[in-house]
Amino acid sequence: MSTTPILHHFEASPFAEKIRAVLGLKRMAWRSVLIPMAMPKPDVIALTGGYRRTPIVQMGADIYCDTALIAKLLDELQAEPSLLPAAAPMATLVAAWADSTLFWQAIMNTQSPSARALIFQGLSPEAMQQVRDDRAAFTSGLKRPSASDAAAQLQSALRSFEQALTQHPWLMGPAASIADFSVYHCLWFITRGGMADALLGPWPAVRAWYARIVALGHGMRTEISSTEAIALAASAGSHAAVQVAPGLGFAAGDTVKVAATDYGTEAVSGTLVGLSVDSITVARQDARAGTVHVHFPRLGFDLSKAG
Ligand SMILES: N[C@@H](CCC(=O)N[C@@H](CS)C(=O)NCC(=O)O)C(=O)O
């Protein structure tokens, strides 16, 4: 099986930019499948069985959902430079805070018509409206900060980043870690919305650090179609080794459902084949993709027995 990851993404996605920048740090070769920004996404659903968030990474017939798990996969595929340097054991926790809290502060600082126009440049007014309607349903259960709360909260976070980055080159110390990339993609979204001067202007160490991440690039990218990606899943013939650890309340072969707990909560149903304190793996069948193993992190996901 090929060891080149396939990233299913769209250009304007900040979470995809997090992974593209990690691929740049690691100077990895990868294949790119461009996917729709809004539902319907039949080729994504053929691979995941219901999960519709962006990005996902495919390795043959293994599908990795959520950038926290994708980052771990990329560390397994190429250990150096590591996203979890030994000197930064708390990096995943800072990354989780950035992905779930800083992200919405960034989004709520880019709601002006001029910022939205820059973020969605190239889309027709109808396509922009379609994305807006899609996102309203996608985040309907989620409580976000108001624009004024988000403005204050963002500056408070930037002050902490500035203090850290005047002491060492990366947020958690002398080496880059997953925390840098989770913070970076939030600031990338602000920059895309034309808000960098206004919001990042007072923070020179943050701007210098941001420029260093941009300079890492995106690794070596080759385009393939979603049809080719599905055919690769169907012909893979094997899956990554996983097991259901004892003592976690589930057994291999259980029929289960997995769903994100915050937004985009469509469940994936299947047979449990892998479980640990860090990840969940479900096997499912698809008419086009064959037997697919779909992997999720445990943080931010709800695992339950189906029926
Ligand atoms: N916790 C998820 C969040 C992913 C996320 O919110 N992605 C956005 C795009 S940046 C999304 O899924 N938007 C709707 C869509 O693409 O269908 C992760 O780390 O991957």
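Strand β6, residues 255-260, has two faces in this predicted model. Val-256, Val-258 and Ala-260 lie on its covered face, while Thr-255, Lys-257 and Ala-259 lie on the uncovered one. The strand also has two pairing partners to look at. With β7, residues 268-275, strand β6 pairs in the antiparallel sense over four bridges. With β10 the pairing is again antiparallel, this time over five bridges. Val-256 takes part in both pairings: Gly-270 stands opposite Val-256 in β7, and Lys-305 is the bridge partner of Val-256 in β10.

These pairings belong to a wider arrangement. Strands of a sheet pair through backbone hydrogen bonds, and the pairing can be parallel or antiparallel. Here the sheet is open, contains 10 strands and has mixed pairing. Read across the sheet, the strands come in the order β5-β2-β1-β3-β4-β9-β8-β7-β6-β10. Which strands form the edges? They are β5 (220-223) and β10 (301-305), each of which pairs on one side only. On average, and with direction ignored, neighbouring strands of the sheet are turned by 35 degrees against each other.

The edge strand β5 contains Glu-223. Is Glu-223 buried or exposed? The answer comes from counting neighbours: a residue is exposed if 12 or fewer other C-beta atoms lie within 10 Å of its own. Glu-223 has 9 such neighbours, so Glu-223 counts as exposed. Between the C-alpha atoms of Glu-223 and Ala-91 the separation is 31 Å, and the two residues are 132 residues apart along the chain.

Strand β1 gives another view of the sheet. Ile-6 and His-8 point one way from β1, Leu-7 and His-9 point the other way, and all are buried. Strand β1 runs parallel to β2, and four bridges join the two. In this pair, Leu-7 stands opposite Ser-32 of β2.

A helix can now be added to the picture. Helix α11, residues 226-235, packs on the sheet and touches β1 (6-9), β2 (29-34), β3 (56-59) and β9 (290-297). The direction of α11 makes about 100 degrees with that of β9. Which residues of α11 are buried? They are Ala-229, Ile-230 and Ala-233. These residues cover an arc of only 100 degrees around the axis, and therefore they are on the same side of α11. The cover over the buried residues of α11 includes β1, β2, α2 (42-48), β3 and β9. The face turned away from the buried side carries Thr-227, Glu-228 and Ser-235, which are exposed. After α11 comes Gly-237, with a positive phi near 80 degrees.

Positive phi values also occur at residues that are not glycine. One of them is Arg-27, with a phi of about 50 degrees. Arg-27 sits in the loop between α1 and β2. Because Arg-27 has 13 C-beta neighbours inside 10 Å, it counts as partly exposed. Asp-66 is another non-glycine residue with a positive phi, here near 80 degrees. The loop between β4 (62-65) and α3 holds Asp-66. A residue is buried if 20 or more other C-beta atoms lie within 10 Å of its own. Asp-66 has 23 such atoms around it, so Asp-66 is buried.

The backbone has further features at two prolines. The peptide bond from Thr-54 to Pro-55 is cis, with omega near 0 degrees, and Pro-55 lies in the loop between α2 and β3. Glu-80 and Pro-81 are also joined by a cis peptide bond, with omega about -10 degrees. Pro-81 is found in the loop between α3 and α4 (91-108).

The last part of the structure to consider is the ligand. Which residues are around the ligand? They are Ser-13, Pro-14, Phe-15, Arg-52, Arg-53, Thr-54, Asp-66, Thr-67, Ala-68, Asp-99, Phe-138 and Gly-264. The elements that give two or more residues to this shell are α1 (14-25) and α3 (67-77). By residue type, the shell divides into four nonpolar, four polar and four charged residues. Two names in the shell have come up before: Asp-66, with its positive phi, and Thr-54, where the cis bond to Pro-55 begins.

Technical notes:
Residues numbered from 1 in each chain as written. Predicted model: local features only at pLDDT ≥ 70, side-chain atom pairs only at ≥ 80, totals over all residues. Near = placed C-beta within 6 Å. Nonpolar A, V, L, I, M, F, W, Y, C, P; charged D, E, K, R; others polar. Pairing = 2+ DSSP bridges. Axes fitted to C-alpha atoms, helices over the stretch in contact; angles between N-to-C directions. Contact = placed C-beta atoms within 7 Å. Arc of directions from axis to C-beta.
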